[in-house]
Amino acid sequence: QLSDGICHYDLWRSGNAQTVVLIHGFSVPSHIWDPTFDFLAKSGFQVLRYDLFGRGFSDRPNTVYNIHLFVRQLKELLDALEIRKPVHLAGLCMGGPISAVFIDQFPERVLSHILVDPAGVKPVRLSWALKAVKLPLLPELVLGLFGGESLVKSIASDFFTSDLIEQFKAKYRIQMCYKGFLSAILSTIRNGMLDSFHETYQRVGKIKKTTLLFWGRNDTTVPFVENQDLLSVIPHAEFHPIEQAGHIPHYEKPGVVNPLLLEFLSSLP
């Protein structure tokens with residue numbers, strides 16, 4: 001129980017091991033981290049993943065879904081779980097801005113920064129259905145009629161290969177059965193979570209946390225070319241383009257990403 005509602009999380013405890021915190025993206029909940037969570041747990045790390053409010057099995061509070069909500073959720077969750085030591089903080093897509101703002105506000109609580117196809121370098125390009133929610137005329141009706149299925153269909157564009165899509169869609173639809181999901185998505189878009197966080201990345205770059213960046217070469221959700229803008233403000237980041245992968249390279253290519261992630265984490269003091 002956090003101040004804004006109940007937060008669903010998975011925590012693999014591992015004695016005094018360092019903690020890796022995994023933040024998912026815009027609409028796909030924490031199961032997007034399945035291959036990473038399992039790998040890091042088996043590699044001896046303490047691993048925490050959780051569902052952002054409005055997604056997965058976390059509450060859908062009647063509130064404003066903005067960066068303040070999501071950063072507060074992360075801080076309160078770490079406090080509630082008594083994770084006091086600095087963590088390795090990983091953000092996928094919209095989890096990128098959340099992790100960056102958290103570091104900007106609480107740099108002493110973070111050991112390293114891991115970004116996977118992060119949003120917020122530039123505003124995210126939205127589908128026509130999602131763009132419609134910003135219109136003044138009946139956005140709730142528009143999203144209610146078309147947005148849910150549009151979100152499910154848009155998942156296909158996150159993949160480079162089609163092998164995992166149908167299984168992934170089935171897991172995604174579970175969260176849509178719970179009241180408040182689409183309203184949370186609407187509020188997230190309206191309140192700037194898919195806009196630019198370039199200035200935040202710029203400030204975080206100056207803090208110079210050890211940083212690892214993955215980007216799928218074939219990402220059409222957050223285009224691969226945007227890595228250049230991010231590296232211009234975080235030039236010290238260790239960058240790995242992942243070939244034949246879309247928006248979720250850690251999920252499509254765990255055999256490539258996981259060893260690189262382990263090497264990065266193991267090299268830190």
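The legends below accompany a set of close-up views of a predicted model.

**View 1. Tyr201 and Leu230 in the nonpolar core.**
Welcome to the interior: the largest nonpolar core takes in 84 residues, and Tyr201 and Leu230 are those with the most contacts inside it. Helix H2, spanning residues 67-80, supplies the largest share of this core, with 7 residues. Which residues touch Tyr201 from further along the sequence? Leaving aside neighbours within four places in sequence, tyrosine 201 is in contact with Gly96, Pro97, Ala100, Leu115, Pro118, Ala119, Gly120, Val121, Leu230, Val233 and Ile234.

**View 2. Arg49 and its salt bridge to Asp10.**
The structure holds 11 salt bridges, and this view picks out one of them, between arginine 49 and aspartate 10, with the closest N and O atoms 3.0 Å apart. Arginine 49 belongs to strand S3 (residues 46-50) and aspartate 10 to strand S1 (residues 9-12), so the bridge ties together parts that are 39 residues apart in sequence. Buried or exposed: how do the two partners count? Arginine 49 counts as buried because its relative accessibility is 11%, whereas aspartate 10, at 25%, is partly exposed.

**View 3. Arg49 again, now with Asp34.**
Stay with arginine 49 for a moment, as it also forms a salt bridge with aspartate 34, where the closest N and O atoms are 2.6 Å apart. Here strand S3, which holds arginine 49, is linked to helix H1, which holds aspartate 34; the two residues are 15 apart along the chain. Both arginine 49 and aspartate 34 are buried. Stepping back, a network of salt bridges links Asp10, Asp34, Arg49 and Lys171.

**View 4. A salt bridge between Asp79 and Arg109.**
Aspartate 79 and arginine 109 meet through their side chains in a salt bridge of 2.9 Å, N to O. The pair links distant parts of the chain, 30 residues apart: aspartate 79 is in helix H2, while arginine 109 is in the loop between helix H3 (95-105) and strand S5 (110-116). Aspartate 79 has a relative accessible area of 21% and is therefore partly exposed, the limit for buried being under 20%. Arginine 109, at 12% relative accessibility, counts as buried.

**View 5. Phe26 beside Met94.**
Phenylalanine 26 sits in the loop between strand S2 (19-23) and helix H1 (34-42). With a relative accessibility of 11%, phenylalanine 26 counts as buried. How far apart are the C-alpha atoms of phenylalanine 26 and methionine 94? They are separated by 5.3 Å, although the two residues are 68 apart along the chain.

**View 6. Two loop residues with positive phi.**
Aspartate 117 is not a glycine, yet its phi is positive, at about 45°. This residue is placed in the loop between S5 and helix H4 (128-131), and aspartate 117 counts as buried, with 0% relative accessibility. Lysine 208, also not a glycine, has a positive phi of about 65°. The loop between helix H8 (198-207) and strand S6 (210-216) is home to lysine 208. Is lysine 208 buried or exposed? Its relative accessible area is 62%, so lysine 208 is exposed.

**View 7. A nonpolar patch on the surface.**
Moving outside, Phe57, Ile174 and Tyr178 form a nonpolar surface patch, together offering about 310 Å² of accessible area. Isoleucine 174 is part of helix H6, which covers residues 165-174. At 42% relative accessibility, isoleucine 174 counts as partly exposed.

**View 8. Helix H11 and its buried residues.**
Helix H11 has 13 residues, 254-266, and its first and last C-alpha atoms are 17 Å apart, close to the 18 Å expected at 1.5 Å a residue. Which residues of H11 are buried? They are Val257, Asn258, Leu260, Leu261, Phe264 and Leu265. An α-helix has 3.6 residues a turn, so residues three or four places apart point the same way.

**View 9. Ser162 and Glu252.**
Our last stop is serine 162, in the loop between helix H5 (139-154) and H6. Serine 162 is exposed, with a relative accessible area of 54%. From C-alpha to C-alpha, serine 162 and glutamate 252 are 9.9 Å apart in space, and 90 residues separate them in sequence.

Technical notes: Residues numbered from 1 in each chain as written. Predicted model: local features only at pLDDT ≥ 70, side-chain atom pairs only at ≥ 80, totals over all residues. Heavy atoms only, no water. Patch = residues over 30% accessible without salt bridge, like charges linked within 9 Å, V, L, I, M, F, W, Y side chains within 5 Å. Areas by Shrake-Rupley, 256 points an atom, 1.4 Å probe, with all protein chains shown as cover. Salt bridge = Lys/Arg side-chain N within 4 Å of Asp/Glu carboxyl O. Helix = DSSP H or I, 4+ residues; strand = E, 2+ residues; numbered from the N terminus. Buried < 20%, exposed > 50% of the residue type's maximum accessible area, 1.4 Å probe, protein only. Expected span 1.5 Å × (residues − 1). Core = buried A, V, L, I, M, F, W, Y, C linked by side-chain atoms within 4.5 Å. Contact = heavy atoms within 4.5 Å.
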